[in-house]
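Thanks for making the time this morning. I would like to walk through a handful of charged and buried positions, one after another, with the model up on the screen.

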Amino acid sequence: MIPPNMEVDGYGSFLEEVFGQDPDNWLQGVVTMKNAAIGNNKQKAQLINMGVVPRLLQFMLDDQSSTELRVESAVVLGSLAKGTLENIQSLIDIGTVTVMLKGLCRPDLKYVEACLRCLRTIFISPLSPIEYVYQDASTIPHLISIMSLSAGTQECVTNILAHCCKTEEHQAVLCSSGAIIALAPLLCSNVYKVQMPALKCFAQLCYKNDQVSIAVATASYCGERIPDLIAQCLTRDRSIEMQIAAAKSLTYLCRAGAIDPHDPIITMKTLPTLVRMCKKDKSVSDRVEGAETLAYLTEVDMDLQQMASVSDHLIKTLAEYFRYSPLLGMNDSYKKGEEPDKDFICASELRQAAFRVFASLAANDEDIRKKVIETENLMDHIVNGLQDTNPKVQLAAVRCMHSLSRSVQQLRTSFQDHSVWKPLMKLITMASDDVLTVASSTLCNLLLEFSPSKEVGRMLRGKPILDLGAVDLLVALTKRENPVLRLNGIWALMNMTFQAEEKVKSQILTALGTDQLFRLLSDPDVNVLMKTLGLLRNLLSNKPHIDHIMSMHGIQIMQAVILILEGDHPVEVKEQTLCILANVADGDSAKDFIMGNEDVLKKLMNYMMHSNVNLQIAATFCICNLIWNEEESASERQAKLTELGVHKLLQQLLSTNNTTLFDKVKTAMQQFT
């Protein structure tokens, strides 16, 4: 059926031929259509709206169609795909991908290449319908099998595979289908358009996948290991694009544990290449990609962090990222045919990249932190980054802040001079889980005992963290499903209670509530449990505080202690619980909660004779606090414990070989009158 209104910018006859009934005219009509559509997005859209796509797909599926007609139909569809994203979406919706994948099984190479070119255009687009290549288990193996047919198939298949490898499952399918061996020769190709996507494909295969990375690192081609072949693409005579792609592949292999961080391929080639990519003479996109890859490479290795921090003035180079001006860069954008607002995006990406590298460099070393923090106006940039409208910049800024907040010196100086907690608190109240995880970890550091951010008397500006609603916010975190957020919430509360005033402790305990406290003490994550016990231990410190808190919540706290001591928990958990009992025993009136509970006393005696010496020490320390003879009613408590057999147990423990336990036992024995 010929559609109505067939006129397309003066071309009407070829549509009549394409939709006509005469097979002799179809090929000429399709060729004319191809010439009309080339380079004209308006005509591409018109043709799609006129319904030519189903007709072209029909030609491709019809067994009676000539090979030439099939090829030209595939070429036209490939041309239409090079238009707008709307065009691509239309092609996908109509079923073009399925027909093209089916066309790859035809014996004619020219037709296969035409189908591949169309598929490549679709799959490298933001609308890439990745699921299509994994629906049929035979698709990936077939793509790999036809890869070596020509330079054209190599270029197209590698691009398709690189853009369709997004998950661990995808990586596994490609690896098991022979992608590593098939891609290896392409690293040595003298065709740039083949070599580049091959590098990118290796990067996608290795990203955060230990098993595949090891397979890549141990594979070879013509006697050379694949990592060595990739490293050859790092030389300065290669394009910047190729150097970055090779550096990313080697970075991912290193982070996956397939290449040692101290291997010269990493220290002498990959890292210096990435540092060089950060230089001002590179394009903005190259500087961003180089910096982000460098941040990932150095994120967990102290030696690489130290090496990068002194490489070619890297820290000063990254400081320039914050000085990028959209207005100054606008002329360059026009030269590249970019819109002016593109430059504002560039400035945002540069800030994000700089924050990420600084976060990695400053993760472990105090000297590096000092160098980073001395970057001009860095704390101001961080504060601004926390308030940035771009979530990626926010995340990078808070990561940088988190690394720097690990420094006692910086908490007492740079962090004190800037109101960093204000935007941080605001960010936490409205952040995604990714940002919230890092932001809450940073807040844990700000609330450490040596941090001036929690000390009301030392605040120079604004309200302290306590008055900004930190307690309620942290309590809310302890109720989240994400165990990391629960951990950060209780950890920050624990830090907040260390050597805190009684009113602060009461505020925290009231906000948390005994019900939530019990839930946290039953948490399946042992780290959450340990920090909850740490919180209790901090709450129950300082005699007056101990007595006050136990008078308010003593019954519930003792129930919690018994729950832990009777449960199946690691030694460190029970040791922390015994230390809490020791703190309770240090109170004046609080002692009665232990002395009046014979079951708890017998548990203490059992732990005094436990096979683990740390538990023996903790239990003995608790007994020592109970019988301290300088305190009121000490003789009555000593008499009761002697009657229970505690004195005899202490005498037995004098034979211990552990000096710490011996000292505790000796001190306890001296208390008996």
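Arg323 and Glu376 form a salt bridge in which the closest N and O atoms are 3.7 Å apart, and I should say straight away that we are looking at a predicted model. Arg323 sits in the loop between helix 21 (314-319) and helix 22 (330-335), while Glu376 sits in the loop between helix 24 (366-373) and helix 25 (378-386), so the pair ties together parts of the chain that are 53 residues apart in sequence. On the accessibility side, Arg323 counts as partly exposed, at 48% relative accessibility, whereas Glu376 counts as exposed, with a relative accessible area of 53%; since the cut-off for exposed is over 50%, Arg323 at 48% is classed as partly exposed.

Let me stay with Glu376 for a moment. Which residues does Glu376 touch, once those up to four places away in sequence are not counted? They are Arg323, which we have just met as its salt-bridge partner, and His381. In addition, the C-alpha atoms of Glu376 and Lys316 are separated by 9.3 Å, although these two residues are 60 residues apart along the chain.

The loop between helix 24 and helix 25 also holds Asn377, and here the backbone deserves a remark. Most residues other than glycine have a negative phi. Asn377, however, has a positive phi of about 60° although it is not a glycine, and with 44% relative accessibility Asn377 counts as partly exposed. A further case of this kind is Gln499, which is not a glycine either and has a positive phi of about 55°. Gln499 is placed in the loop between helix 32 (483-497) and helix 33 (502-521), and at 65% relative accessibility it counts as exposed.

Back to the charged pairs. How many salt bridges does the structure hold? The number is 22, and the general background is simply that side chains of opposite charge can pair when their charged atoms come close. One of these pairs is Arg255 with Glu299, where the closest N and O atoms are 3.0 Å apart. This pair links distant parts of the chain, with Arg255 in helix 17 (residues 240-255) and Glu299 in the loop between helix 19 (284-298) and helix 20 (302-309), 44 residues apart. Both partners fall into the partly exposed class, Arg255 at 25% relative accessibility and Glu299 with a relative accessible area of 36%.

For a pair within one helix, please look at Lys603 and Asp599, whose side chains meet in a salt bridge at 2.9 Å, N to O. Both residues lie in helix 38 (residues 598-608), four residues apart, which is about one turn of the helix. Is Lys603 buried or exposed? Lys603 is buried, with a relative accessible area of 12%, while its partner Asp599 is partly exposed at 36%. There is also a network of salt bridges, in which Lys543, Asp586, Asp588, Lys591 and Glu631 are linked.

Charges also gather in a surface patch: Lys82, Lys110, Arg117 and Lys193 form a positive one. Of these residues I will pick out Lys110, which has its place in helix 8 (residues 109-123) and is exposed, with a relative accessible area of 56%.

Finally, two buried positions in helices. Thr251 is found in helix 17, the helix that also holds Arg255, and Thr251 is buried, with a relative accessible area of 0%. Leaving aside its neighbours within four places in sequence, Thr251 is in contact with Thr270, Leu274, Thr293, Tyr296 and Leu297. Gln576, in turn, lies in helix 36 (residues 571-585). Its relative accessible area is 13%, so Gln576 counts as buried, and, with neighbours within four places in sequence again left aside, its contacts are Met530, Leu533, Gly534 and Arg537.

That is where I will stop, and I am happy to go back to any of these positions on the screen.

Methods:
Residues numbered from 1 in each chain as written. Predicted model: local features only at pLDDT ≥ 70, side-chain atom pairs only at ≥ 80, totals over all residues. Heavy atoms only, no water. Patch = residues over 30% accessible without salt bridge, like charges linked within 9 Å, V, L, I, M, F, W, Y side chains within 5 Å. Areas by Shrake-Rupley, 256 points an atom, 1.4 Å probe, with all protein chains shown as cover. Salt bridge = Lys/Arg side-chain N within 4 Å of Asp/Glu carboxyl O. Lys, Arg positive; Asp, Glu negative; His and termini not counted. Charge placed at Lys NZ, Arg CZ, Asp CG, Glu CD. Helix = DSSP H or I, 4+ residues; strand = E, 2+ residues; numbered from the N terminus. Buried < 20%, exposed > 50% of the residue type's maximum accessible area, 1.4 Å probe, protein only. Contact = heavy atoms within 4.5 Å.
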